[in-house]
There are 2 protein chains.
Amino acid sequence: MNSQEIHDTIYQMGQQANAAAHALAVLSAEKKNDILRAMAAGLRSRSGEILEANAKDIAAGEARGLTSAMLDRLRLDADRIDAIAGGIEQVAELADPVGEELDKKVMGNGMEIQQVRVPIGVIGIIYESRPNVTSDAAVLCLKSGNATILRGGSEAIHSNRAIADALQAGGEPAGLPANAIQLIPFTDRESVAVLAGMDKWLDLIIPRGGKGLIETVVSLARMPVIKHYDGICHTFVEAEADQEMAVKITVDAKTQKPSVCNALETLLVEEKIADEFLPKVAEALWAKNVELRGDDRTQQILGDKVVAATEEDWSTEYLDYILSVKVVADQDAAVAHINTYGSQHSDCIVTTNEENAERFLRTVDSACVYHNVSTRFSDGEEYGFGAEIGISTDKLHARGPMALRELTSYQYRVRGNGQTKS
Amino acid sequence: MNSQEIHDTIYQMGQQANAAAHALAVLSAEKKNDILRAMAAGLRSRSGEILEANAKDIAAGEARGLTSAMLDRLRLDADRIDAIAGGIEQVAELADPVGEELDKKVMGNGMEIQQVRVPIGVIGIIYESRPNVTSDAAVLCLKSGNATILRGGSEAIHSNRAIADALQAGGEPAGLPANAIQLIPFTDRESVAVLAGMDKWLDLIIPRGGKGLIETVVSLARMPVIKHYDGICHTFVEAEADQEMAVKITVDAKTQKPSVCNALETLLVEEKIADEFLPKVAEALWAKNVELRGDDRTQQILGDKVVAATEEDWSTEYLDYILSVKVVADQDAAVAHINTYGSQHSDCIVTTNEENAERFLRTVDSACVYHNVSTRFSDGEEYGFGAEIGISTDKLHARGPMALRELTSYQYRVRGNGQTKS
């Protein structure tokens with residue numbers, strides 16, 4: 001494929017997606033749910049083809065020497081396909097945000113202004129290896145009335161194509177508009193650049209993957225991007241903390257699932273209680289094989305077993321059994337540290353002092369702030385949103401857990417009887 | 001100034017703005033209103049210096065041969081300064097969106113999730129000639145708890161600097177944090193590029209100006225941009241319209257103030273009534289000296305006085321006494337035309353048929369859709385928002401009139417008593 005062909009193919013997909021989006025925008029919730037259930041059935045009935053396609057990706061991955069962890073993320077089996085289909089059926093059960101009235105008022109001149117939730121339109125999703133994202137992302141976009149253009153990674157191209165085809169073909173008999181779910185057939189870098197530049201047809205682009213991918217999309221995109229960057233999450237144990245609770249919350253946030261963005265990366269301890277608290281929390285963390293990297297004061301208190309933290313540690317998302325630890329003079333120092341080194345994701349204070357807790361919640365500039373709750377709860381499902389498309393570290397449009405509501409825009413509908421300005 | 005100095009100066013302003021934003025975020029509404037009133041007083045008390053600075057800009061503009069219209073936009077006098085100060089006092093009277101509770105619920109595990117409006121943080125505003133934007137934009141951002149970095153055009157640099165200084169100096173004795181309002185001292189293109197690339201410190205960038213400026217910012221920006229593009233607004237006169245009302249609305253939307261984005265640019269008339277309606281509306285428009293550019297059918301009905309519309313006319317924002325006119329087969333054709341050639345700004349249907357009206361409102365993909373109301377009402381003040389920063393033609397975060405509420409983000413505050421996932 002030459003550049004012109006890549007460009008033309010993607011722009012044609014854009015125009016088709018735009019037509020699909022207009023058709024999707026007026027479907028009732030009931031209709032969309034019927035379509036979703038038909039898509040789930042379509043996926044199940046085509047599981048043979050999907051597994052065959054997946055076998056090609058696995059073989060290619062083995063030939064390319066992918067690690068076993070990477071191959072595992074790539075691999076599908078009957079259970080995994082059933083789980084993907086089950087996920088679609090769960091989305092069908094969620095409330096439809098489209099059509100919700102956000103505001104309504106009658107102005108002095110008699111015109112009535114109604115603000116109503118509407119779909120965004122066409123959403124581009126750029127993602128890496130896991131083929132289940134093909135379905136998860138497309139389905140959430142569809143439920144909220146949006147058309148999707150998907151661009152997956154090369155390792156999963158056969159699986160992604162089989163899944164996208166199964167969803168579109170499965171949904172069409174139930175009323176899914178043509179081209180509502182399209183997968184870009186190219187996996188080179190150029191297709192990312194073309195998609196990110198296509199603001200004529202794309203209303204939003206969401207990169208789902210590592211920092212490198214997000215950086216690339218941010219620098220190329222001409223339309224809004226919603227980013228799901230690192231979670232450098234903190235827990236601040238304040239002088240008046242219930243220390244037993246603080247140990248429990250720290251251990252949970254660090255070790256319950258260290259590989260995710262809402263896991264704890266830095267523990268901040270108020271100086272007044274450091275001598276008493278640090279040995280307790282260290283014992284519990286060491287029992288879970290967590291490596292501690294501390295500042296001078298932490299090393300003084302806990303001894304040689306603590307590695308010296310470097311400046312870089314404070315802004316590192318380990319996603320591993322490693323925790324940086326710092327003793328801070330007071331709450332202001334803790335908040336300053338979080339607002340400087342954190343990633344505005346999820347941060348917690350443990351204290352019995354309500355006033356200090358409220359001050360922490362107000363002054364920490366992060367998407368999710370917690371008082372006496374593990375940061376691991378930053379999650380669409382835990383927030384009662386059902387499925388989520390990710391945790392946005394942006395401040396515009398969507399912040400924190402991003403679910404169906406965040407996949408919508410709004411429109412003002414104004415009704416009158418001849419109002420003019422003259 | 002060399003590139004490195006421009007870069008360093010703007011990044012230092014960014015860091016300072018970030019500190020100011022954290023201080024602003026926790027100010028009470030009362031405090032911010034005191035500051036705003038002090039800023040208004042500061043502006044009035046420094047009107048001598050501002051007029052002196054403005055005289056320099058006017059002299060430079062005359063030397064450079066600016067048109068008299070451009071010079072008029074640039075010119076300040078005692079009345080205009082008083083009007084700017086009055087505008088600040090009006091913003092002080094508006095409700096503060098910060099701190100508003102958007103949602104609150106208690107989950108099964110007992111944790112309480114509260115969603116609260118918070119400021120965005122640091123907002124960059126890039127604008128062109130009018131010096132009053134310096135105050136209007138900074139003041140709306142401040143009321144909503146945000147710090148601003150302003151970058152005005154070269155023609156108004158002295159006036160802008162004098163106004164920004166007066167606002168900051170006037171506000172500080174009342175508690176305005178240092179560096180809450182900063183003006184970039186450079187007016188070259190490079191400063192736009194540096195600002196648009198500074199996602200480390202800038203949360204949002206808003207270009208206020210012509211299409212060229214917006215395009216430049218869109219292609220350079222690494223942070224969210226809210227765009228205020230053209231308004232290619234339509235009125236569709238449906239077969240069952242009250243034709244007298246349709247004439248009134250058409251004339252108002254086109255001629256009451258043709259130079260603004262919510263003015264009418266294209267009239268669509270349903271074929272069934274074209275023979276009857278077009279002569280009536282043409283007579284009223286010609287009486288106001290509006291030039292009509294029509295499709296074949298319009299020319300057949302109205303004769304030689306109608307210029308033949310080209311393909312380009314359908315996507316042109318005239319901002320002048322010119323109107324393109326097209327006869328369409330039915331409502332579907334009208335909606336398809338609007339969704340193809342429009343700019344998703346403001347579009348209207350005139351009809352007595354409620355069902356058709358509702359279908360139009362649902363299927364036209366624009367920020368503001370009207371039934372029997374002139375498109376000229378797309379305006380923050382008319383919508384009851386008080387002052388506005390512009391009309392967003394974006395679909396994310398802010399759509400349509402963008403006011404104080406749209407200058408905020410939100411944060412989830414979660415309170416518990418030791419909840420963990422383990």
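## Close-up views of a predicted two-chain model

**View 1. Helix H8 of chain A lies across strands of a four-stranded sheet.** In this predicted model, helix H8 covers residues 189–197 of chain A and lies across E3, E4 and E6 of that chain. Helix H8 runs at about 155 degrees to E4(A). The sheet beneath this legend's helix is open, with the chain A order E5-E4-E3-E6. Its pairing is parallel. Strand E5 (181–183) and strand E6 (204–208) of chain A stand at the edges; each has a single partner strand, so one side of each lacks a neighbour in the sheet. From one strand to the next, the twist averages 20 degrees.

**View 2. Strands E3 and E4 of chain A pair in parallel.** Strand E3 spans residues 122–127 of chain A, and strand E4 spans residues 147–151. Five bridges join E3 and E4. A:Val122 stands opposite A:Ala147 in E4(A). Helix H7 (residues 157–171) of chain A also packs on this sheet. Helix H7 touches E3 and E5 of chain A, and its direction makes about 160 degrees with that of E5(A).

**View 3. A sheet of 10 strands takes strands from chain A and chain B.** The order is E10(A)-E9(A)-E11(A)-E8(A)-E7(A)-E12(A)-E13(A)-E16(B)-E2(B)-E1(B). This sheet is open, and its pairing is mixed. At the edges stand strand E10 (307–308) of chain A and strand E1 (101–106) of chain B; each has a single partner strand, so one side of each is left without a neighbour in the sheet.

**View 4. The chain B part of the sheet includes an antiparallel pair, E2 and E16.** Strand E2 covers residues 112–119 of chain B, and strand E16 covers residues 408–419 of chain B. Eight bridges join E2 to E16. B:Ile113 stands opposite B:Val414 in E16(B).

**View 5. Helix H11 of chain A lies across four named strands: E7, E8, E9 and E11.** Helix H11 is formed by residues 271–287 of chain A. The strands it crosses are E7 (233–237), E8 (264–270), E9 (291–294) and E11 (322–328) of chain A. Helix H11 runs at about 145 degrees to E8(A).

**View 6. Chain A meets chain B.** On the chain A side, 72 residues are in contact with 72 residues of chain B. About 6300 Å² is buried between chain A and chain B. Carbon and sulfur atoms give 50% of that area. A:Leu396, A:Tyr412 and A:Lys421 supply 13% of the area that chain A buries against chain B, more than any other three residues.

**View 7. A rotation of 180 degrees superposes chain A on chain B.** The shift along the axis is 0.0 Å, and the RMSD is 0.0 Å. The two copies are thus related as by a two-fold rotation axis. In chain A, A:His397 has the C-alpha nearest the axis, 2.0 Å from it. The same surface serves both copies, with 100% of the contact residues of chain A recurring in chain B.

**View 8. Chain A is assigned two domains.** Domain 1 takes in 3–227 + 401–414, and domain 2 takes in 233–377. Their C-alpha centres lie 37 Å apart. In an unreviewed entry, UniProt lists residues 12–290 of chain A for "domain: Aldehyde dehydrogenase". Over residues 12–290, chain A is 53% helix and 16% strand. The end C-alpha atoms of that stretch are 52 Å apart.

Conventions:
Residues numbered from 1 in each chain as written. Chains lettered and ligands numbered in written order. Predicted model: local features only at pLDDT ≥ 70, side-chain atom pairs only at ≥ 80, totals over all residues. Heavy atoms only, no water. Domains from an automatic or database assignment. Least-squares fit on C-alpha atoms with pLDDT ≥ 70 in both. Contact = heavy atoms within 4.5 Å. UniProt positions renumbered as here; feature names shortened; annotations may be inferred. Helix = DSSP H or I, 4+ residues; strand = E, 2+ residues; numbered from the N terminus. Pairing = 2+ DSSP bridges. Axes fitted to C-alpha atoms, helices over the stretch in contact; angles between N-to-C directions. Buried area = accessible area lost by both parts, 1.4 Å probe.
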